[in-house]
Amino acid sequence: MPVDVVGLTSGVQMISAGNDHTCAGMVSGGVKCWGKNDVGQVGDGTTTQRLTPVDVAGLSSRVRVITTGNSYTCALSENGGVECWGGNYHGQLGDSTTITRLSPGDVVGLSSGVQALDSGGMHTCALTVGGGAKCWGRNDDGQLGDGTTTQRLTPVDVVGLGSGVRAISAGYEYTCAVMETGAAKCWGSDPYGQLGVGPWQYPYPMIPTQVVGLQSGVATISAGYFHTCAVLQSGSAQCWGNNHDGQLGDSTRTDQRTPVLVTGLQSGVRTINAGYQHTCVVMATGEARCWGANSFGQLGDGTTATRLTPVDVLILVFDCAGVTAIPQKECQALVTLFDRTEGMLWRERTGWLTAPDPCTWQGVTCTADPMYRQAACPDQRGPCPAAQTVIALSLPGNGLNGALPAALGDLTALQHLDLSRNRLNGPLPPALGRLPALQTLNLGHNFLSGAVPPELGDLAALHELRLNHTELRQLPAELGRLVHLQYLDLSHTALGSPSIPVELADLASLRHLDLSHAGFYAATIPPELGRLAQLQYLALSGNGLSGPLPPELGRLTALQTLALSENGLSGPLPAAWGQMTALQGLDLSTNQLSGPLPAAWGQMRALQWLSLARNQLSGPLPAAWGQLTALQGLDLSYNQLSGSLPAEWGNLTALQWLSTTRNQLSGSLPSTWGALTALWTLDLSHNQLLGPLPAEWGQWTALRNLLLQDNQLVGPLPAEWGHLAAVVYLRLSNNHLSGSLPPEWGNLRSVRDLLLDNNHLSGPIPPEWGNLEAFGGGGPANAPQGAGWPPTAGAPLAASQAPARPAMPWPNSGYLDLSCNQLSGPLPVELTRLTGVSVLALAGNQLSGPFGAVWHDYGGSRFALDLYYNKVDTTTPQGGFGFGDGWWATQTVPPVGLVALAAGGVVTVTWTPIPYTAHGGYYEVSYATAPAGPYTVHGRTADKTVGTYTASGLSPGVIYYFRVRTFTPAHLYELPDPESMGCTVQQNALWSDYSAAVSSAQRRYLPLVAGGGSAP
């Protein structure tokens, strides 16, 4: 609904709205404008956006008409002269240039003699006192009416309209005029029929053309964006052109290329205005009606619904003089709130300004209690005249938009005010401090700005104050006077104070204090906060706080939740905090804290979650923390902790989530931890842990995620771990584990990530691993779901409330990685049942045997099947499989083309070197006197690039048989993808099979004899 323009409650005689700015002509003859001003369209000599009206430079009087276009403005003076200012890209200012003007300048040739003026998108037209029409500016569609499409920087005559014109209206890219005869003519752009000249034609009419059916009787005309409307002398309204949003008002959405009657407006219309996609009229009775697009409430009917026929513009006026249910000051305060916050666009506004009793309005609660009635009118003797008084106003999430009025301070009996989750902006009115009975004030989740008024410190009865998620700043020390305050939430604000006011420590009744993400950069934590004996919740996260943790906070023996993450806090963890025996949640993550973990914290027997991640903490894990038997989540990741894992932590039987990743922990994995049967996630990765995997850990039937990669663990894989039926992520990569793969692990029916790469595992792959059900598509398809850890800061945790189980941070699943080990034997055909695998990595082993048709079909359907650097039989490239370029000619392949020739007392053996020469190595040459051997090593080549060898010292007259094999020493397996880690452990030295044997004899004594067959 309509709202007042600041400073223009009187003295306005005309108004014009452009694309992004508005101008008003004053009764005094001056002009005021406001809005976007990037090219000077406001006309105050600047390009500064104006949120309230400012005077146009040099136009303090004499203006008769004001008109606004797209980023420019023109004015008609009393002497008939025209001045324009703003954007001038197409010469629309008419000053013979295309230069932007920040203040008014004369239109060339129109210093007098003009009686009417109108601006379109980027062109302007004037009606002279002689009845002629002139236009200038953009002309790409012939909108200037001079028969061309040439841009004009100064006014030109409209063809055929040298006289006889009564009115003119410039649309977006077209123009219309009303003749003295009552005929309507239009010219310019016509894609939607906005000219009203009948069937579509192109080029568009570039000179005035008769509107069909309007040869006479037209009183006025209005050209809009793509539609046009006219008022006839009979008082009826007709429109034509684009009708996508019902802007023609004929109850349809059909475009019309000739005029149609607006439904219900056969008479009584005084003026009409065609806008962008909507239209409005003023009736002879003074009423306003609109129709068309309404997504922004432009029709003023209190809705955002498109209207295909005219509806009344609602201008609700509520007279509080007749209200007896509540004091008139309270009634007026409610009406003012409605007016200032666009009440007609609220989501719920039942009764507002329509029902006579404000106590029945949506969100308003009244009481007849005499105490509050007296508070509403304390200056009157005797009972208040009103029967009731407003004690509560609750409109959360209701779409209120605008600034809070100071009139709210007149609701002096108000106990509860909740206007949260709206679009309120601007400062908080200090008048809110005049509400002596107020107990709860919730204005959170708005766009409020400015300083928090110190007057709020006068709200002596206040129990709860929420100003969170606003843009408020400057927390006043006066809030320390709110001695009854129990709940204070100023989180996610822009308080930006250099320090946290120590006066907050005077809030003796405070139970909840949330100052997280409140802009206290470089501030320290006041030790005085330790005086808040009743405090149960304290959050200061995300502020950039510095300095040490005050030991004095250890006096907060009622505290249940303490959140100090994402700051720059430094120094040690105070042992005195162990006195906070009621504490259930403590988050100190992402700081710069250092020093050891205090053993005294083992006294926090109620602690349920503790996060110390991403600090610089060092020293051992305290055995005393094994007394924290209520602990469910513990995050110590990304520190410098060292020493062993305490066996005493096996007493933490409620523990569900434990992470010590990225530390320097050493020693063995405690078998006592097998008692942690509630574990959901255990992450000990990226440490220096030693020793074997405890068989006792196979008791963790609830475990979903076990991460032990990047340690120095040794020994076999426990068969007992095959009982981890719920495990989804099992990561043991980059250790020194050895022995065979347990067949029992084929019972891990839920596992979706099984990573055993970069170890020393050996032996065959058990066929039972083909029973890994989740890899076969029969188990969980995604990573485990749940809330993050630690739990989101909020109300303190109840002693019986178990935190939500955390989700793993890795989105990928379906990885079975056995690469970079010493596995041998054939590929079990049973693995082809694992159709849910997205990556099956077997590279860098000694697997052998044929790559049969079953595997060919299986691998072809997978995301990745990696068999690089094995001994799987394949003699030709297998497209789409991870054998590697030239894999069939790697270091495991013997040379071919072997020839032996005797000459001059020596035998020269030649062959074709294998293509693969990486990782060093050589060819070994052996000889025998019979094809079946035995063979004796004669020598070796320098490397694998050599293709010849000379054997000397042989006996004359003897036939010798030669064979050659390839040798590659132990080396690191490197993946061809530079972003992949590859193997980090040395692989076994590799010998190829022997080449076919060939024979040769000294020619001087015996002829050359070819041998056959392969040596054993």
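Which residue forms a salt bridge with Asp 410? In this predicted model, the partner of Asp 410 is Lys 329, and the closest N and O atoms of the two side chains are 3.8 Å apart. Asp 410 belongs to the loop between strand 27 (401–403) and strand 28 (416–418), whereas Lys 329 belongs to helix 1, so the pair ties together parts of the chain that are 81 residues apart in sequence. With a relative accessible area of 56%, Lys 329 is exposed. The pair does not stand alone, for Lys 329, Asp 410 and Arg 434 are linked in a network of salt bridges.

Further salt bridges were examined in the same manner. Side chains of opposite charge can pair when their charged atoms come close. When a side-chain nitrogen of Lys or Arg is required to lie within 4 Å of a carboxyl oxygen of Asp or Glu, the count comes to 18 salt bridges. One of them joins Lys 134 to Asp 157, with 2.5 Å between the closest N and O atoms. Because Lys 134 lies in strand 11 (residues 133–137) and Asp 157 in strand 12 (residues 152–157), this pair ties together parts that are 23 residues apart in sequence. Lys 134 has a relative accessibility of 24% and therefore counts as partly exposed.

Another salt bridge is formed by Arg 257 and Asp 190, whose closest N and O atoms are 3.0 Å apart. Here Arg 257 is part of strand 20 (residues 256–261), while Asp 190 is part of the loop between strand 15 (184–188) and strand 16 (209–210), so that parts 67 residues apart in sequence are tied together by the pair. Arg 257 is partly exposed, its relative accessible area being 21%, whereas Asp 190 is buried, with a value of 1%.

Charged residues were also found together at the surface, where Glu 696, Glu 720, Glu 744 and Glu 768 form a negative patch. Of these residues, Glu 696 is placed in the loop between strand 48 (681–683) and strand 49 (705–707). Its relative accessibility of 35% means that Glu 696 counts as partly exposed.

Attention then turned to the nonpolar interior. The largest nonpolar core contains 148 residues, and within this set Leu 393 and Trp 577 touch the most other members. The elements that give two or more residues to this core are helix 1 (328–340), strand 25 (364–367) and strand 26 (389–394). Helix 1 gives the most, contributing six residues to the core. Helix 1 is also the element in which Lys 329, the salt-bridge partner of Asp 410, is located.

Several features of the backbone were noted as well. The peptide bond that runs from Tyr 202 to Pro 203 is cis, with omega near 5°, and Pro 203 is found in the loop between strand 15 and strand 16. The loop between strand 15 and strand 16 also holds Asp 190, the salt-bridge partner of Arg 257. A cis peptide bond is likewise present from Gly 933 to Pro 934, where omega is near 10°, and Pro 934 is situated in the loop between strand 63 (922–928) and strand 64 (936–940).

Positive values of phi were found in residues other than glycine. For Ser 71, phi is near 70°, and this residue lies in the loop between strand 5 (63–68) and strand 6 (72–77). Although placed in a loop, Ser 71 is buried, with a relative accessible area of 14%. For Leu 353, phi is near 65°, and the residue is found in the loop between helix 1 and strand 25. Leu 353 also counts as buried, because its relative accessibility is 7% and the limit for a buried residue is under 20%.

Finally, pairs of residues separated along the chain were compared by the positions of their C-alpha atoms. Arg 940 and Thr 966 are 26 residues apart in sequence, and their C-alpha atoms are 9.7 Å apart in space. Arg 940 lies in strand 64 and, at 54% relative accessibility, counts as exposed. In the other pair, Leu 898 and Thr 948 are 50 residues apart along the chain, with 9.4 Å separating their C-alpha atoms. Leu 898 is placed in strand 61 (residues 896–903), and its relative accessibility of 14% means that Leu 898 counts as buried.

Technical notes: Residues numbered from 1 in each chain as written. Predicted model: local features only at pLDDT ≥ 70, side-chain atom pairs only at ≥ 80, totals over all residues. Heavy atoms only, no water. Patch = residues over 30% accessible without salt bridge, like charges linked within 9 Å, V, L, I, M, F, W, Y side chains within 5 Å. Areas by Shrake-Rupley, 256 points an atom, 1.4 Å probe, with all protein chains shown as cover. Lys, Arg positive; Asp, Glu negative; His and termini not counted. Charge placed at Lys NZ, Arg CZ, Asp CG, Glu CD. Helix = DSSP H or I, 4+ residues; strand = E, 2+ residues; numbered from the N terminus. Buried < 20%, exposed > 50% of the residue type's maximum accessible area, 1.4 Å probe, protein only. Core = buried A, V, L, I, M, F, W, Y, C linked by side-chain atoms within 4.5 Å.
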